[in-house]
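Please walk me through this protein model, moving from its open surface features to its interior. I would like an explanation that I can follow with the structure on the screen.

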Amino acid sequence: MSTTQQPRRRTPDPSDAADAIDLERSPRRWLLPGLALVVVLALAAFLVLRLTGGNDEKAVEGSHFGNDFQIAYQASSASEKAFLDYLNEEIAPDYGVTIEGVGIEDGNQLDQATADGKFIANIYQHKHWLKQVTESTGMELTALGEVFQWSYSVYSTKHASLDDLPKGATIALLNDPANTAQALWILERAGKLTFKDGVDPWAATEQDIAENLGGYRFTYMEYGAGPRTLDSVDAVIDYNMSFVDAGTPEKYRIYEPDAPKEFAGQLVVGTAYLDDPQVEKLKKVFFDERVQPYLAENDDPSLSGQLAPVSAE
């Protein structure tokens, strides 16, 4: 209990009541509308950011996006990240924007976020994969053009060259239709098998082989499993970047053909944003005249030998 003497209270005079009420309430009459105005302004600011893309404090007028371009890529691909880093450092500043790579491993999640405008674009797929995605999921995505080509090669820890593969060798291929076709096309272009008449090589399956000159047996693996599969088969056909990321010695790359343009990586955006003014600026960055020469000439270990410039055919 406190021992401090409390001041004596004055008995209130009823004639003072009106004045007392006015003195207490007059600040509230000003404060409550002011607080309401602050809440309304804060909510309006939140909605503006939400409706203009959500991840950029400086949204550009008339655009869903700001000047900080988030580009989704396959999270396991150090080469795609290195490419985006190059664009951010050397090209994007000339257009007043930044490029930020966002790695996502799940392709469906990556594409859906692009279609919804969470990311301004992605760079992880060629046109045949994109066709599979849009037809099977209904996602509304559009390619703006080719930006690079993934190097796609034959690897083996058991044989020194493609010609050294024995009759009946077991070769592991990626199990999705587009990448299976790309692998078979490598063997067809190398003269190791032929396709039936009328077959489009970029859509070929094992059933489309007319003559299997090497008597090869094919086994199928999940995307990214090439390095893990290497020791259990005679050869693997997969993206160079998968092996580089896994630290596989380059000596096990036994056949490295030029990548065909049919499987070039594309800059893909949500169809709803095709006419967005910031998408126009995005195209200027990716298709700047300096980009293709850099892909051909760079010595970045995270990029060279993995991503190549777009070929003529």
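How many nonpolar, polar and charged residues does the lining of the largest pocket have, by class? In this predicted model, the lining of the largest pocket has six nonpolar, six polar and four charged residues. The volume of this largest pocket comes to about 290 Å³, and of the 16 residues that line it, those nearest its centre are Gln 74, Tyr 124, Trp 129, Asn 179 and Tyr 223.

Around this pocket, the whole chain can be described in a few figures. The protein chain has nine helices and 13 strands, and buried residues account for 42% of its 313 residues. When contacts between residues at least 6 apart in sequence are considered, 73% of them join residues at least 24 apart.

The interior is a natural next stop. In soluble globular proteins, nonpolar side chains tend to be buried together. Here the largest nonpolar core has 64 residues, and the members that touch the most other members are Ile 71, Phe 83, Leu 87 and Phe 286. Apart from this core lies another, of 13 residues, which includes Leu 110, Phe 119, Tyr 124 and Val 268; Tyr 124 is also one of the residues that lie nearest the centre of the largest pocket. Returning to the largest core, and leaving aside residues up to four places away in sequence, Phe 83 touches Ile 123, Val 147, Phe 148, Phe 286, Val 291, Leu 295, Leu 303 and Leu 307.

Two of these partners, Leu 303 and Leu 307, are also touched by Ser 79, a residue of helix H2, which spans residues 78-91. Not counting residues up to four places away in sequence, the other contacts of Ser 79 are with Met 241, Ser 302 and Gln 306. Ser 79 counts as buried because its relative accessibility is 0%, where the cut-off for buried is under 20%.

A second helix, H4, covers residues 127-137 and holds His 128. Is His 128 buried or exposed? His 128 has a relative accessible area of 14%, and it is therefore buried. Beyond residues up to four places away in sequence, His 128 touches Ala 178, Trp 202, Glu 262 and Phe 263. With the last of these, the separation along the chain is 135 residues, while the C-alpha atoms of His 128 and Phe 263 are 7.3 Å apart in space.

From the helices we can turn to the strands, taking E10 as the example. Strand E10, residues 235-239, is mostly covered, with five of its five residues buried. Strand E5, residues 152-155, pairs with E10 in the antiparallel sense over four bridges, and within this part of the chain Ser 153 stands opposite Asp 238 in E10. Strand E6, residues 170-174, runs parallel to E10 and is joined to it by two bridges, with Ala 235 in E10 serving as the bridge partner of Ile 171.

Definitions and conventions. Residues numbered from 1 in each chain as written. Predicted model: local features only at pLDDT ≥ 70, side-chain atom pairs only at ≥ 80, totals over all residues. Heavy atoms only, no water. Core = buried A, V, L, I, M, F, W, Y, C linked by side-chain atoms within 4.5 Å. Buried < 20%, exposed > 50% of the residue type's maximum accessible area, 1.4 Å probe, protein only. Contact = heavy atoms within 4.5 Å. 1 Å grid on protein atoms, 1.4 Å probe; cavity = no way out; pocket = protein on both sides within 12 Å on 5 of 7 lines; lining within 4 Å. Points joined across faces, edges and corners; volume = space filled by probe spheres on them. Nonpolar A, V, L, I, M, F, W, Y, C, P; charged D, E, K, R; others polar. Pairing = 2+ DSSP bridges.
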